[in-house]
Amino acid sequence: MIIRIFRVRIYEQLREEFEGKFATVSVKAVEAASGLQSVSIYRPTEWSPDDYAMVSIWNSEDDVRYFAGEDWNKAFIPPGMDKYIAKCWIDHFQSW
C-alpha cells in the first residue's frame, strides 16, 4: 500500500474558485484511477491559510505510476488547475 500526500499552496485571491474545483476536478481525476483505495481532501488551518492537502491511498506503487506517470514523485495536476498553484509538494509512504 502506498500513501500519497499532495500539498498545495494557492494564490489567496483565487481561494473560492480553487476550493470548488479542488473538490470536484482534482478529486474526480484521482477517483477515476485504477488501484485507488481512497482519497480525502483537507482545508487549511489558521497557521497555513493558503495550504491545502489531498491524501490518497493506493494498492501498489505500480498503481501510482500508472496514474501519475513514470516520474510519479512529482505532482499530477489536472488540466486548468495549475493557475491556482503558488507551490506544491508530493510525498509518498509505504505501510508496514
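What volume does the largest cavity have? The points below address this and one helix of the predicted model.

1. The largest cavity has a volume of about 200 Å³. The count of cavities of 30 Å³ or more comes to one.

2. Nineteen is the number of residues that line the largest cavity, and those closest to its centre are Phe-6, Ser-26, Met-54, Phe-76 and Pro-78. Two or more lining residues come from each of the elements β1 (2–10), α1 (15–31), β3 (51–58) and β4 (85–94).

3. As to the character of this lining, 16 of its residues are nonpolar, two are polar and one is charged.

4. Helix α2, which spans residues 61–68, has the buried residues Asp-63, Val-64, Phe-67 and Ala-68. These residues lie on the same side of α2, because they cover an arc of only 115 degrees around the axis. For the student, "buried" here means a relative accessible area under 20%.

5. Exposed residues of α2 are found on the face turned away from its buried side, namely Asp-62 and Tyr-66. An exposed residue is one with a relative accessible area over 50%.

6. The buried residues of α2 are covered by elements that include β1, α1, β3 and β4. These four elements also each give two or more residues to the lining of the largest cavity.

7. The residue Gly-69 comes just after α2 and takes a positive phi of about 100 degrees.

Notes. Residues are numbered from 1 along each chain as its sequence is written. This is a predicted model: local features need pLDDT of at least 70, side-chain atom pairs count only at pLDDT 80 or more; totals for chains, interfaces and linings use all residues. Side-chain values use heavy atoms; hydrogens and water are left out. On a 1 Å grid over the protein atoms alone, a cavity is a set of points where a 1.4 Å probe fits but cannot get out, and a pocket is an open set with protein on both sides within 12 Å along at least five of seven lines; lining residues have an atom within 4 Å of a point. Grid points are joined across faces, edges and corners, and a volume is the space filled by probe spheres set on the points. Ala, Val, Leu, Ile, Met, Phe, Trp, Tyr, Cys and Pro count as nonpolar, Asp, Glu, Lys and Arg as charged, and the others, Gly among them, as polar. Buried means under 20% relative accessible area, exposed over 50%, partly exposed in between (1.4 Å probe, protein chains only). The arc is that of the directions from the helix axis to the C-beta atoms. Contact means heavy atoms within 4.5 Å.
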